[in-house]
2 protein chains.
Amino acid sequence: MQLELSKEYLERLETAIEKRDEAFIRESMDGEHPADISSVLYELDTAQSKYVIDLLPREVSAEIISSLDGDTQRKFLKAFTSAELAELIPYVDSDDAADLLNQQPVKFREEVIALINDAETANHIIELLHYDEDCAGGLMAKELIKANINWTVVQCIEEIRRQAEDVEKIFSVYVVDDEDKLLGRVSLKKIILARAYTRIADIYEDDIIAVESYRDSEEVAEMMQKYDLETIPVVNIQGKLLGRITIDDVVDVITEQAELDQQMMSGLSQPEEEDDGVLTSAKARLPWLLIGMGGGLLGARFAGFFEADIKLIPAMAFFIPLITATGGNVGIQSSTVVVQSLTNASFLGNSFYNRIVKVLLVALINAAVISTLVFLFNILTGSALQLALVVSIALFSVVILASLMGTITPIILNRFEINPALASGPFITTANDLLGLAVYFGVAHWLYNL
Amino acid sequence: MQLELSKEYLERLETAIEKRDEAFIRESMDGEHPADISSVLYELDTAQSKYVIDLLPREVSAEIISSLDGDTQRKFLKAFTSAELAELIPYVDSDDAADLLNQQPVKFREEVIALINDAETANHIIELLHYDEDCAGGLMAKELIKANINWTVVQCIEEIRRQAEDVEKIFSVYVVDDEDKLLGRVSLKKIILARAYTRIADIYEDDIIAVESYRDSEEVAEMMQKYDLETIPVVNIQGKLLGRITIDDVVDVITEQAELDQQMMSGLSQPEEEDDGVLTSAKARLPWLLIGMGGGLLGARFAGFFEADIKLIPAMAFFIPLITATGGNVGIQSSTVVVQSLTNASFLGNSFYNRIVKVLLVALINAAVISTLVFLFNILTGSALQLALVVSIALFSVVILASLMGTITPIILNRFEINPALASGPFITTANDLLGLAVYFGVAHWLYNL
């Protein structure tokens, strides 16, 4: 079934597009999963993709467009008129429709909404557009099945039948009271196994986990992960049922968050995508490089105070990279472990002390191993005893200090609700470079002036 | 409903455990979600947790134990006898049971399996234990509903009723032929809406996406993400239905993979958990620190060749950290972007060239900005023109070279099917330090000997 994304197929497809060979295109894509067709479109340019999209059945085109990732989608939709887009919108879920329109210029967005035939769809989208993209309201879809608690199973099945076309995937039916307040849920399994005139009130589960519309999307992801949910209902502060979030949207949130954290750790100040332009990429990378540069220049000024020492013992300069690199490596290791444990487990105040003790012990072991090995190496390769001592004492101190800094910085950032991933990046590296230099020259000055 | 994890509650609970106050413990945990009780147990020690677990209903205890993460679970289960564990096993899904037993010593595992009352459960687990944990077979559960294609809807509902207790969450019914070969699926929605004597053959969807049992778990995660699946059936090479994988297990795979990649980028050679012992942590961190150390010592030897230069112009030494840090920062930025694009999109060979051109352009801009700023700074702060030139030319070259290396290394690693995240870590940092030193001293030697 899966469309094979081969160079041969792509070449044939491009020729077909050029020759306007509709038959080949329609045939080769017939019955293929929209996600597979998307992969093909990623290899074509906008005009080619638009030509292909126009040949596909509307529900497939709509699905493909809504599955494109943010940036590609925005660029691609420029090729559509508002009327074209308005025709596709009713084929996608309301959450995807809102995400899609959110990316458009206001005027274009209003035009599209005005042109949507189905009033209910339009209203749903208008409602969803009010929510911030990064909160539960921004993730939820309006499509769901709800049943009044006073209904019977037969009435509930009637409602499922009525909504069957709009709600593609049904995991469970939400149970509400006359004011639409969420009371619980009934699984489809229970509905199938119940007798026709059983009352919903007698079979529903009332301990349902719901999320308020204003909650952060990361919080939603954590909840769904913690409780192994494939869908979670969204309510307002009065407990009224507003929509539902499905796990596929949350998986995207989790993946994006992991990527953002990685980028932050690597010193990219804005989310960078592979297909960003040269200037955008350069701009995303520059801020942290400038901070690193500032740190480097500060380090140079600082080292300048020790010009006389270096002139006297030029060999001291040789070990500068060893000192700064070790500090950086240790700092990044420590902060990564701490950052991950901050996102994984909730820990109460008292473990802070234990954590520091453990970090110190680990650092002591590694500091001892490394400084001993370096000392032996230096002595064996004929360095002066005093220099070997300076290097190893400095290394030892740098490992301990960098461990502490790598551990404490993310914890502090986290307390102030700043993303601790920031700490694992160039910030730690730059700070550790300065720290390393200070310790190194400090120790040297002290030992040589004994 | 949610158990509040407050210091006060924990203190009361610990007192209750000490006083063997069963009533308080049972009451305060009654009706709570197992995941919430787990969070509480994470704050207790093993003996305390064991005491609490023994007081809870078996299905709750079983759920809690299976939800613990790998390391904690292994440690905690040491407090259980094989008979105790065998009693809990039938309450968890077969995939969780297999994961749990996989962590145990062989003898203990065999004892537990021999003590399981239900022969079907035991057989399922034995079958699942054969699969590697990191493949589709290792992720799948045996609990699923399957219907023969020749059945009617009524027969199918009978099967659901029969299995209702074992299969907690039903998303759809898998359709098989007489040889158990997977033919397709029917959603519960369709079953609800169909007439009783409709044949399954008339309502099932035959374009089902399945996965072979030997597929890598990352591949499973990618497929489920790509096609927005909440469950995927697992088949053997003959297409026989073996089990199903649910999205909650895949979400765990995605999260773990992101953490592992982050750790690898930070130079942790083994997965490190917050609760690892001191020695384990030290060991996980040491290998990369030693590589960094080796790089540093090599750098020192290399710099040694230029002892005369440094003696003559000690100020040269001041800028070593600036050069190496900038190289490291640029290298990590580039490799992170490449690593993420490698995992996200499939790209064909021809874009390699475009990628390099773009990387070069971005690098040129940033190299120009940074080297100009540093040049101005050096001139304004009274450095010699020649030194300022050396530093800026070296910086410029290092930014370009580190960009190229950060881009090419992960692509090459990926070609050889080595995890490209490795490249973003200390490997790049160490290699860039050496590269930076070589360029710096090279440029200096060349410029001063003009």
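Hi everyone. Let me begin with a definition: contact means heavy atoms within 4.5 Å. What we have here is a predicted model, in which local features need pLDDT of at least 70 and side-chain atom pairs count only at pLDDT 80 or more, while totals for chains, interfaces and linings use all residues. Residues are numbered from 1 along each chain as its sequence is written, chains are lettered from A and ligands numbered from 1 in the order in which they are written, and side-chain values use heavy atoms, with hydrogens and water left out.

Let's start with the domains. Chain A splits into domain 1 (7–139), domain 2 (146–256) and domain 3 (278–448); these bounds come from an automatic or database domain assignment. Between domain 1 and domain 2 of chain A, 10 residues of the former touch 14 residues of the latter. Their centres, taken over C-alpha atoms, are 28 Å apart.

Now, how do the two chains relate? Chain B lands on chain A after a rotation of 180° with 0.1 Å of shift along its axis, at an RMSD of 0.2 Å. The superposition is by least squares on the C-alpha atoms of residues with pLDDT of at least 70 in both. That is the relation of a two-fold axis. The copies meet through the same surface, because 99% of the interface residues of chain B are also interface residues in chain A.

Next, helix α16, residues 247–265, in both chains. A quick word on terms: helices are DSSP runs of H or I, at least four residues, numbered from the N terminus. Axes are lines fitted to C-alpha atoms over the stretch in contact, with angles from 0 to 180 degrees between N-to-C directions. The axes of α16(A) and α16(B) come within 11 Å and cross at roughly 5°. So the pair is roughly parallel, where angles under 35 degrees count as roughly parallel, over 145 as roughly antiparallel, 65 to 115 as roughly perpendicular and the rest as oblique. Among the residues that meet are Ile254(A) and Met265(A) in α16(A), and Ile254(B) and Met265(B) in α16(B). By class, this contact has 10 nonpolar, four polar and two charged residues. Here Ala, Val, Leu, Ile, Met, Phe, Trp, Tyr, Cys and Pro count as nonpolar, Asp, Glu, Lys and Arg as charged, and the others, Gly among them, as polar.

Finally, back inside chain A. Helices α8 (94–102) and α10 (119–129) come within 9 Å and cross at roughly 60°, so α8(A) and α10(A) are oblique to each other. Their contact includes Leu101(A) from α8(A) and Leu128(A) from α10(A). Thanks, all!

Technical notes
Helices (H or I, at least four residues) and strands (E, at least two) are DSSP runs, numbered from the N terminus.
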